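User: I've got a model open and keep running into terms that I'd like to see justified. Can you walk me through them?

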Amino acid sequence: MIVLRVRVDRERCQGHARCFALAPELFELDQFGNGRERGDGRVAGPLEAKAWLAKANCPELAVEVIEE
Amino acid sequence: MNKRPPASDWSTDFDHLDPRWTEDPYPIWNALRQSCPIARTERFMGAYFPSRYEDVRTIAYDTEHFSSRRPVVREYRPPLIPAPPITSDPPEHRPAKQVLLPAFTPEAIERHEPRTRDICRELIGRMAGQSRCDAAVEYAQEIPVRVIAHMLGVPEQEADQFRRWIKEILEIGITDLDVLMRAQREMIAYFAEKIAARRAAPREDLIGYLINADIEGRSLTDEHINGTLRLLMIAGIDTTWSAIGSCLWHLAQHPQDRRRLATEPGLVGSAVEEFLRAYAPVTMAREVVQETEISGCTFKPGHMVLLSFPAANRDPAMFPNADEVIIDRKENRHAAFGLGIHRCIGSNLARMEIRVALSEWLARFPEFHLDPNLPVTWSVGTVRGPRALPLLLGA
């Protein structure tokens, strides 16, 4: 079975905070407002659509969705 | 500005002050994207205009060949007037931005939402009983100026003065160096006084925040604080005012979108992103500091680049049906707040203000239209938005 995992590339992220706005269950922001995945980034089934949405709305292409 | 010779050819003689560009730039950009795609001009002492998303992104990411030290394309090259971090390049840029970021996270901005809502309600309250209004003057332009005054801890009553400086720096000052320099001097003197007052009597506002802030253990100099405050004021006002105005301009002409938003408030988030994409207000500038070639165009040192995020946002190679406003667009990597290290620090603030301004407006005026008897007018230069937006209120 394929499991999704999200990851924010810290080098690319510029803090647009779109991932956090669209999928707060999967992403959080640090004290500077830059994004990072929550925990190990594993995406529970019902949140898969949100993971792809976050990726589709990151202007810096910093959000990765990895299929494992 | 009226005496300028009209642009003879958009690809070799573009002029973003030309009335045709001010009125409706989108067809011009579409034509350039297909033919050019990087336009040139001898005006402004030499400037380039990339029209495609890809080239705008390349330049925004390339801080080696393109400097941010002059954030506006002007007829002349004024003395450098630092306003960190917008005018900063690496390596100074990062610490100057880091120091500000905690005050502009979504969480920090949320604290200003109640005040923003009150401002919107107060402005709408003033229109009670009116069947028409100028939504740019009576609503949009009043919101960000008051919010930023509230954040900086300066009197809201000084709003007229702030707007005058902004017009002088971002519009009149594009062609008139004396006006630009006078406005700069006035703003510097204004904030010098505020900084001194805040040192004498500390308060919890942005001025106080900057006075207490440090970069690697060293307090910011008064010059640095002054530059940052001028930046926050200039960048925080007519940009968001323009965005709110453009949203209302669109909704006044698109009853379907208006009604959908009024009945499905959950769509406001994606609608705001789509309005930001389609009507992005802010065009930035870069100065070429080292020769380079992009998409077959040679960029010569000393020339400026008009870095048009609004044009990038209309590129059909990046956004299907780019000229169509689709308020529930799913994939939207728009560049309204820039790309790369200079991502607008006020993006969370602007989004909050636009969302609150729209929600409050639609709650009170679900129906409104353009007044057919009065013209809509647009700002000239680097920020695009309606400056007169005559509306008829009600069905």
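Analyst: Let's start with burial: a residue is buried if 20 or more other C-beta atoms lie within 10 Å of its own. This is a predicted model, and 49% of the 395 residues of chain B count as buried.

User: How do you know whether chain B agrees with a compact globule?

Analyst: Set its radius of gyration against the globule rule. With 395 residues, a compact globule would come out near 21 Å, and chain B has 21 Å, so the two agree. The C-alpha trace spans about 60 × 55 × 40 Å along its principal axes.

User: What is chain B built from?

Analyst: Chain B has 16 helices and 14 strands. Take its contacts between residues at least 6 apart in sequence: 69% of them join residues at least 24 apart.

User: Why is H9(B) called roughly perpendicular to H12(B)?

Analyst: Helix H9 (residues 159–170) and helix H12 (residues 222–253) of chain B pack at about 95°, with axes 10 Å apart. Angles of 65 to 115 degrees count as roughly perpendicular, so H9(B) earns that label against H12(B). On the H9(B) side, the contact is made by B:Phe162, B:Arg163, B:Ile166, B:Ile169 and B:Leu170; H12(B) brings B:Met233, B:Ile234, B:Ile237 and B:Asp238.

User: What classes do the residues of that H9(B) and H12(B) contact fall into?

Analyst: There are 7 nonpolar, no polar and 2 charged residues.

User: And how many residues does the contact between chains take from chain B and from chain A?

Analyst: Chain B gives 20 residues and chain A gives 16. The chain B side has 8 nonpolar, 8 polar and 4 charged residues.

How values were computed:
Residues numbered from 1 in each chain as written. Chains lettered and ligands numbered in written order. Predicted model: local features only at pLDDT ≥ 70, side-chain atom pairs only at ≥ 80, totals over all residues. Axes fitted to C-alpha atoms, helices over the stretch in contact; angles between N-to-C directions. Helix = DSSP H or I, 4+ residues; strand = E, 2+ residues; numbered from the N terminus. Parallel < 35°, antiparallel > 145°, perpendicular 65-115°, else oblique. Contact = placed C-beta atoms within 7 Å. Nonpolar A, V, L, I, M, F, W, Y, C, P; charged D, E, K, R; others polar. Rg over C-alpha atoms; globule rule 2.2 N^0.38 Å. Buried ≥ 20, exposed ≤ 12 C-beta atoms within 10 Å, placed from the backbone.
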